[in-house]
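Let's take a friendly walk through a protein model together. Please open the structure below and keep it in view as you read.

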Amino acid sequence: AVPRGWGVLGPSMTSNVEKFLAREDELRLARKFCDDQAVLGAKAAFEEKGVRKFGRERIKRESKMAAEEVECLNYEVTQRRRACLKEFYEQQQAMYEEELSALGLTLVKERL
C-alpha cells in the first residue's frame, strides 16, 4: 500500500499537481467572475443609455411645450395690448370731441 499523499508520482509531484489543479480552479472561477462582470457592465451601460435617451426626450418635449406656451402668451399679450390701445384712443377721441363741443366746435367724421 502506498502512503496517503505519496501517489505514484511521489510526494512532491502529487503536491504540485494538486496545487496546479487548485490554481486552475481559481483561474476558472476568476474568468467566470470577469465574464459575469462584463455582462453586468453591458447591461448597466444599456440601461444608462436608455435613461439618458429618456431624459433627452423629456427635455426636448418640455422645451417644445414651453415654446408653444410662450407663443400663445405672446399672442395673448399682443391682443390685450391692441384692445387697450383701442380703448385708450377711443377715450382720447371722446375727450377731444368733448373739448371741441365745449368750445362750440364739432369734428366731422367721414366714413368710407
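What follows goes from the overall fold to a surface patch and then to some charged pairs.

A word first on what you are looking at: this is a predicted model. Its secondary structure comes to one helix and zero strands. That helix, α1, covers residues 11–102, and the protein has 112 residues. How much of the protein is buried? Buried residues make up 4% of the 112 residues. The area that the protein exposes is about 10,900 Å², and 60% of this area is supplied by carbon and sulfur atoms.

Now turn to the nonpolar side of the surface. Val17, Phe20 and Leu21 make a nonpolar surface patch of about 280 Å². Valine 17 has its place in helix α1. Its relative accessible area is 38%, so valine 17 is partly exposed; the partly exposed class lies between the 20% and 50% limits.

Next come the charged side chains. Side chains of opposite charge can pair when their charged atoms come close. How many salt bridges does the structure hold? There are six salt bridges in the structure, and we can visit three pairs in sequence order.

Start with aspartate 25 and arginine 28. These two form a salt bridge, with the closest N and O atoms 3.9 Å apart. For this pair, the cut-off to keep in mind is 4 Å between a side-chain nitrogen and a carboxyl oxygen. Both residues lie in helix α1, three residues apart, which is about one turn of the helix. Aspartate 25 has a relative accessibility of 41% and therefore counts as partly exposed. Arginine 28 is partly exposed too, with a relative accessible area of 47%.

Further along helix α1, look for glutamate 48 and arginine 52, which are four residues apart, about one turn of the helix. Their side chains meet in a salt bridge at 3.9 Å, N to O. Glutamate 48 counts as partly exposed because its relative accessibility is 48%, and arginine 52 is partly exposed with a relative accessible area of 46%.

The last stop is arginine 58 and glutamate 62. What separates these two along helix α1? They are four residues apart in the helix, so about one helical turn lies between them. The side chains of this pair meet in a salt bridge at 3.6 Å, N to O. Arginine 58 has 34% relative accessibility and counts as partly exposed, as does glutamate 62 at 44%.

Technical notes
Residues are numbered from 1 along each chain as its sequence is written. This is a predicted model: local features need pLDDT of at least 70, side-chain atom pairs count only at pLDDT 80 or more; totals for chains, interfaces and linings use all residues. Side-chain values use heavy atoms; hydrogens and water are left out. Patches are made of residues with over 30% relative accessible area and no salt bridge: like charges are joined within 9 Å, nonpolar side chains (Val, Leu, Ile, Met, Phe, Trp, Tyr) within 5 Å. Accessible areas come from the Shrake-Rupley method with a 1.4 Å probe; for residues, only the protein chains shown count as cover. Buried means under 20% relative accessible area, exposed over 50%, partly exposed in between (1.4 Å probe, protein chains only).
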